[in-house]
Amino acid sequence: MEVKCLKNQHEALEKVVEIKGLKKSYENGKIKALDGVDLEIKKGEFVSIIGPSGSGKSTLLNMLGALDLPTEGKINVASYDLTKTKDLNNFRSKEIGFIFQLHNLIPNLTVLENVEIPMYESRLSSKKMHERALKLLDYVGLQEKASRKPTQLSGGERQRVAIARALANNPSIILADEPTGSLDSKTGQMILQRLKEIHEKEKVTLIMVTHDMGVASLAERTIEVLDGKIKA
Ligand SMILES: Nc1ncnc2c1ncn2[C@@H]1O[C@H](COP(=O)(O)OP(=O)(O)OP(=O)(O)O)[C@@H](O)[C@H]1O
Ligand SMILES: [Mg+2]
């Protein structure tokens with residue numbers, strides 16, 4: 001009996017994502033973006049999500065990062081029950097690093113300031129935030145461009161800033177929506193290499209949406225989304 005309890009506890013710790021019967025609809029139920037998704041992801045896994053345009057991939061990723069709330073169902077991420085968590089900002093700033101397809105950098109802030117944003121909720125002094133942001137920019141090879149504005153960078157460079165920003169709060173989970181979608185294959189490869197390295201070295205759980213099967217195959221597991229459901 002005791003052994004079983006311990007085993008269950010261990011398994012509970014291992015799961016970083018637990019989704020059951022998740023539904024998300026828009027326009028009073030006319031659009032069913034997610035239509036009953038069950039999904040489990042283990043801590044430290046690298047999972048890719050594929051599927052046709054409009055199938056619900058971004059909606060799923062947004063649910064995982066609590067950027068949006070489900071219409072129905074259960075969603076647990078990093079032991080937070082997202083339908084019951086009041087302070088979702090706190091959840092995001094502690095656990096999640098986002099990389100969006102269109103990188104979403106803030107145009108009137110410098111590269112360095114963009115990387116500092118996720119640290120605002122932390123208790124770091126501005127000097128420490130500054131140092132950490134510079135270190136992260138160095139990691140993606142952009143330290144010398146720290147004082148530029150995003151518009152003064154190439155697409156690949158902007159995406160590297162987005163990676164540095166996603167790492168700033170030391171997240172346990174990185175959610176990446178087509179991180180290489182708008183890049184040429186060489187730059188895309190470099191970005192993927194960096195992400196894979198972070199996943200392997202830091203044991204970060206990496207969940208990445210892509211429409212490219214070659215990119216998807218880098219992951220340990222691929223999930224296919226079709227019409228708001230996960231294809232078995
Ligand atoms: N805010 C919204 N209001 C209404 N419908 C929406 C909204 N967001 C998404 N949808 C719809 O939900 C469905 C799923 O959209 P989603 O963005 O998740 O697709 P996707 O798989 O990421 O597609 P893509 O590969 O083109 O990025 C689509 O039919 C889309 O039009
Ligand atoms: Mg999408």
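Colleague: How far is an oxygen atom of ligand 1 from an N or O atom in the side chain of Thr59?

Modeller: The distance is 2.5 Å. Bear in mind that this is a predicted model.

Colleague: What about the side chain of Lys57?

Modeller: An N or O atom there sits 2.7 Å from an oxygen atom of ligand 1. Ser53 also takes part: a polar side-chain atom of Ser53 lies 2.6 Å from a ligand oxygen.

Colleague: How much of ligand 1 does the protein bury?

Modeller: The protein buries 60% of the 640 Å² that ligand 1 exposes when taken alone.

Colleague: Which element gives the largest share of the shell around ligand 1?

Modeller: Helix 2 does, with 3 residues. Strand 2 also gives two or more. The residues around the ligand include Tyr26, Ile31, Ala33 and Pro52.

Colleague: Why is helix 2 described as largely enclosed by the rest of the structure?

Modeller: Because 6 of its 8 residues are buried. Those are Lys57, Thr59, Leu60, Leu61, Met63 and Leu64.

Colleague: Which strands does helix 2 lie across?

Modeller: Strand 1, strand 2 and strand 4. Helix 2 runs at about 125° to strand 1. Just after the helix, Ala66 has a positive phi of about 55°.

Colleague: Switching to the sheet. What is the strand order?

Modeller: The order is 2-1-4-5, in an open sheet of 4 strands with antiparallel pairing. Strand 2 and strand 5 are at the edges with a single partner strand each, so one side of each has no neighbour in the sheet.

Colleague: How many bridges join strand 1 to strand 4?

Modeller: There are 5. Val17 stands opposite Val77 in strand 4.

Key. Residues numbered from 1 in each chain as written. Chains lettered and ligands numbered in written order. Predicted model: local features only at pLDDT ≥ 70, side-chain atom pairs only at ≥ 80, totals over all residues. Heavy atoms only, no water. Buried < 20%, exposed > 50% of the residue type's maximum accessible area, 1.4 Å probe, protein only. Pairing = 2+ DSSP bridges. Contact = heavy atoms within 4.5 Å. Axes fitted to C-alpha atoms, helices over the stretch in contact; angles between N-to-C directions. Near = heavy atom within 4 Å. Polar contact = N/O pair within 3.5 Å; in protein donor to acceptor, adjacent residues only side chain to side chain. Areas by Shrake-Rupley, 256 points an atom, 1.4 Å probe, with all protein chains shown as cover.
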